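Reader: I have a structure open and don't know where to start. Can you walk me through it?
Author: Yes. Put it up and ask as you go.

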Amino acid sequence: MDFTPSEEQSAAQGLAARIFGDLSTHERLTAAGTGTDAELWKELCAAGLPAAVEDIGLLGLVLLLEEQGRTTAQVPFAATCVYGLLAVAGHGTAEQRERLLPGLRDGTAVATGAFPARGRVHLAQDGALYGAVPWVPWLRDATHVLVADADLALWLVEASVPGAEACAAGVTVEPVETTAPWSAGRLVLDGVHGERLGNGPEAYAAVLATARTAFAGLQAGACAGSLARAVHHTVTREQFGRPLSTNQGVMLRAADAHMDTEAIRVTAYEAAWRHDERRACAAQALTAAWWASEAGKRVVHAGQHLHGGTGADLDHPVHRHFLWGRQLDAYLGCGGEVLEELGLLLADSAQGDVS
């Protein structure tokens, strides 16, 4: 395994770090509230970062999402890349790629996914989709949403009418506020005809593994940002005539948070690298998702705790990392669910080896 970024990946990561660092400031995030920073999204697309993901691969996307997570930038970057660009590029037909990818590359189309599938959407005999999904991240921004029916077939549904803010026929989007400000919504499908993407359960499993890897990278960034703020606070804040960081308990808590953050990062890198090398990566994606859930939860709690009373201030930037970390903890399956799925996968693999 070699996780060393290529020249193209490093250049894209550096550009992302600059744009997120310059534009995703505490003041802009406060002004955005729970909505999307439209100007930041335009800047990212103008810089060609979504389009670059096709060339730099999933590992490159993980590197970019780390930078987003550091600043908790409120843009549908991960969702559009995972459920739009990579899904269509990897599982769409030649006609679908030619028609859909240009808009996803330049940001005029925004994609999201109703993942994971929990049997809430059903395909009727007339080929229409019916059902409701309680919440979908970035749905209020989306022009397209990727859904899976009860048989795990993937369908790309037009969520909004191009050039207008109205929903497409048969689609209802009801705003939902989640822990993190992800412009989420409740999705209701009532007789919608989507277009098929990929070959059933295999395509669904591949997209889910990609999503888990990508959002683990986002969690690594959110944790790194939380820890960086905690380190700055404990180094500059003095108590009894010395910095808080000189207390052994503080140092140990920060060290544990650092190791947890690195575990999230390296497992996400491994899953992404294996994906790009076209190797089996289902177990690695689940491993990354487990670390993102269990360790991510510990890190953002530590980051808030190390701020003392300041961490309890809902207006303090570290609280935003806490909210993102807790949202990512449960998204695409909490730690226990992911661990059970990983155990079943490993047991099936072992039985296959024996037979």
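Author: One definition before the sheets: two strands pair if DSSP finds at least two bridges between them. Also, this is a predicted model.

Reader: OK. Which strands form the open sheet with antiparallel pairing?
Author: Four strands do, in the order 2-3-7-6.

Reader: What stands at the edges there?
Author: Strand 2 (121-123) and strand 6 (171-175) do. Each has a single partner strand, so one side of each is left without a neighbour in the sheet. On average, neighbouring strands of this sheet are turned by 10° against each other, direction ignored.

Reader: And how many bridges join strand 3 to strand 7?
Author: Six, with strand 3 covering residues 129-136 and strand 7 covering residues 185-192. One pair to look up is V133, whose bridge partner in strand 7 is L187.

Reader: What is the order of the sheet with mixed pairing?
Author: The order is 1-4-5-8, four strands in an open sheet. Strand 1 and strand 8 (195-197) are at its edges with a single partner strand each, so one side of each lacks a neighbour in the sheet. Here the average turn between neighbouring strands is 30°, direction ignored.

Reader: Which pairs are parallel and which antiparallel?
Author: Strand 1 (residues 111-113) pairs with strand 4 in the parallel sense, over three bridges. Strand 4 and strand 5 (residues 154-158) run antiparallel and are joined by five bridges. Strand 5 and strand 8 are also antiparallel, over three bridges.

Reader: Give me a residue to follow through strand 4.
Author: Take L146. It is the bridge partner of G113, and it stands opposite L156 in strand 5. Further along the sheet, L154 has L197 as its bridge partner in strand 8.

Reader: Why is strand 4 described as largely enclosed?
Author: Five of the five residues of strand 4 (residues 144-148) are buried, so the rest of the structure largely encloses it. H144, L146 and A148 point one way, V145 and V147 point the other way, and all are buried.

Reader: Which helices lie against that sheet?
Author: Helix 6 (residues 94-106) packs on it and touches strand 1, strand 4, strand 5 and strand 8. The direction of helix 6 makes about 90° with that of strand 8. Helix 7 lies across strand 4, strand 5 and strand 8, at about 70° to strand 5.

Reader: Is there a residue in helix 7 I should click on?
Author: Try R212, which lies in helix 7 (residues 201-236).

Reader: Buried or exposed, that R212?
Author: Buried: the cut-off is under 20% relative accessible area, and R212 has 8%. Its side chain makes a polar contact with the side chain of E341 at 3.1 Å. R212 also touches A285, L286, A289, L332 and V338, among residues over four places away in sequence.

Reader: What about A87, where is that found?
Author: A87 is in helix 5 (residues 77-91) and is buried, with a relative accessible area of 1%. Among the residues A87 touches are L146, L197 and V207.

Reader: New topic. How do helix 1 and helix 4 pack?
Author: Helix 1 (residues 7-23) and helix 4 (residues 49-71) pack at about 40°, with their axes 8 Å apart. That angle makes helix 1 oblique to helix 4. The contact includes A12, L15 and I19 of helix 1, and I56, L59 and L63 of helix 4. The crossing is right-handed.

Reader: Anything odd in the backbone?
Author: Some background first: most residues other than glycine have a negative phi, and most peptide bonds are trans. T72 has a positive phi of about 45° although it is not a glycine. T72 is in the loop between helix 4 and helix 5 and counts as buried at 1% relative accessibility.

Reader: Which residue in the hairpin of strand 4 and strand 5 takes a positive phi?
Author: L152, with a phi near 65°; the hairpin has five residues between the strands. L152 is partly exposed, with a relative accessible area of 28%.

Reader: And which residues does a cis peptide bond join?
Author: F115 and P116, with omega about -10°. P116 is in the loop between strand 1 and strand 2.

How values were computed:
Residues numbered from 1 in each chain as written. Predicted model: local features only at pLDDT ≥ 70, side-chain atom pairs only at ≥ 80, totals over all residues. Heavy atoms only, no water. Helix = DSSP H or I, 4+ residues; strand = E, 2+ residues; numbered from the N terminus. Buried < 20%, exposed > 50% of the residue type's maximum accessible area, 1.4 Å probe, protein only. Polar contact = N/O pair within 3.5 Å; in protein donor to acceptor, adjacent residues only side chain to side chain. Contact = heavy atoms within 4.5 Å. Axes fitted to C-alpha atoms, helices over the stretch in contact; angles between N-to-C directions. Parallel < 35°, antiparallel > 145°, perpendicular 65-115°, else oblique. Left-handed = near helix turned anticlockwise from the far one by under 90°.
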